[in-house]
Amino acid sequence: MRPTKNRVLAVEREAFDRSVRSTGIIAPTNYSITGERDYDCPFIGRVVAVGDMYHKGVFHEGDHIVLNLFNVGHRLMLAGRPTYSIHAFGIGGVIDPETITVRPVQHYVLVKPNLERAKRVVTGGSLVLLADSVVQSDDLGSRGLHCEYGEVVDVGPGQWLEGGWTEAECEPGDLICFDASHSTIPLTLRGQKFALVPASNIIGQVSPEEEDAWIDKVLRERAREAKEREAFESSSLQSGSPGEAPQA
């Protein structure tokens, strides 16, 4: 059977080749799905047929694709095995099982955690030690919103959406803040955690150069404020009224 336009047919990877979500057991493999929350439902499958794509060369028969389980369509029985019909727009990356690397596709971005940079941005460059949870946000828990920081590793070529070509604005090396409450795909490659993030989920971004310039500006402003405060306190003590500004 040949899938229709912008769809692929895929079979799920064998149970020993992926994380067993129902029991929480991680099989001894080089790559695995790692979702821990209800909205983290990654799916790894092998493409068995490709329809006519909006953009040639995106997916090929035999590719190992990664997507969110919510984007998996109908489950069919073809040639005696369960086969899934998947809309191509929801596929976030392609895994190379030999090199154990993942290539983001379409408008997805491959991100890895970088808590050092995230904490530096959150604190404005101070040496305050923060818990990891401080660089995450979930202040509207009832709505399930959750954002995280990450460093961009690779960027997909883009995607045809609403009559136009859409590309991610970030580049490798940028630090981004992204909505992790839906559509992100958590992945572990040889023990290193990554995430495939849709470009539409990116809330903000900063390049290393912009980050250094912003941190430098923040530190200079803090130094100026500290100097003004010190001068004010010194003037107050000299006037005999601690904590109050001297009378003109």
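Q: How many helices and how many strands are there in the protein?
A: This is a predicted model, in which local features need pLDDT of at least 70 and side-chain atom pairs count only at pLDDT 80 or more, while totals for chains, interfaces and linings use all residues. Residues are numbered from 1 along each chain as its sequence is written, and side-chain values use heavy atoms, with hydrogens and water left out. With helices (H or I, at least four residues) and strands (E, at least two) taken as DSSP runs numbered from the N terminus, the protein has two helices and 18 strands.

Q: What percentage of the 248 residues of the protein count as buried?
A: A residue is buried under 20% relative accessible area, exposed over 50% and partly exposed in between, with a 1.4 Å probe and protein chains only. Under that cut-off, the buried part of the 248 residues is 43%.

Q: What percentage of the contacts with a separation of 6 or more is between residues 24 or more positions apart?
A: A contact means heavy atoms within 4.5 Å. Among contacts in the protein with a separation of 6 or more, the share that joins residues 24 or more positions apart is 64%.

Q: Which elements give two or more residues to the largest nonpolar core?
A: A nonpolar core is a set of buried Ala, Val, Leu, Ile, Met, Phe, Trp, Tyr and Cys residues joined through side-chain atoms within 4.5 Å, and the largest one here has 16 residues, with V8, F43, F59, I65, L67, I86 and I91 making the most contacts inside it. Two or more of its residues come from each of strand 1 (7–12), strand 5 (42–50), strand 6 (64–68), strand 8 (81–87) and strand 9 (91–96).

Q: Which residue stands opposite V8 in strand 5?
A: Two strands pair if DSSP finds at least two bridges between them; strand 1 runs antiparallel to strand 5 with five bridges and antiparallel to strand 8 with four. On the strand 8 side, R7 has H87 as its bridge partner and L9 has S85. Leaving aside neighbours within four places in sequence, V8 has contacts that include F59, I65, I86 and I91, and the residue opposite V8 in strand 5 is V50.

Q: Why is the aromatic pair of F43 and Y84 stacked or edge-to-face?
A: Rings of Phe, Tyr and Trp (its six-membered ring) pair if their centres lie within 6.5 Å, and planes under 30 degrees apart count as stacked, over 60 as edge-to-face and the rest as tilted. A search of the whole structure finds one such pair: because the ring centres of F43 and Y84 are 5.3 Å apart and their planes stand at 70 degrees, it is edge-to-face. The pair links F43 in strand 5 with Y84 in strand 8, 41 residues apart; F43 is buried at 3% relative accessible area and Y84 is buried at 11%. The class that follows from the plane angle is therefore edge-to-face.

Q: Which residue in the turn between strand 7 and strand 8 has a positive phi?
A: Strand 7 (residues 72–78) is joined to strand 8 by five bridges and runs antiparallel to it, with R75 standing opposite Y84. The two strands form a hairpin with two residues between them, and the turn residue with a positive phi, about 55 degrees, is A79.

Q: With which residue does the side chain of Q159 make a polar contact of 3.4 Å?
A: A polar contact is a pair of N or O atoms within 3.5 Å; within protein, one must be able to donate a hydrogen and the other to accept it, and residues adjacent in sequence count only if both atoms are side-chain atoms. Q159 lies in strand 13 (residues 159–161), is buried at 2% relative accessibility, and has a side-chain polar contact of 3.3 Å with H107. The partner at 3.4 Å is a residue in the loop between strand 10 (101–104) and strand 11 (108–112), buried at 1% relative accessibility and with a positive phi near 55 degrees. That partner is Q106.

Q: Which helix is among the elements that the buried residues of helix 1 pack against?
A: The buried residues of helix 1 (residues 115–123) are R117, A118, V121 and T123, and the helix is followed by G124, whose phi is positive, near 75 degrees. Those buried residues pack against strand 12 (147–155), strand 15 (175–179), strand 18 (202–206) and helix 2 (208–239). The helix asked for is helix 2.
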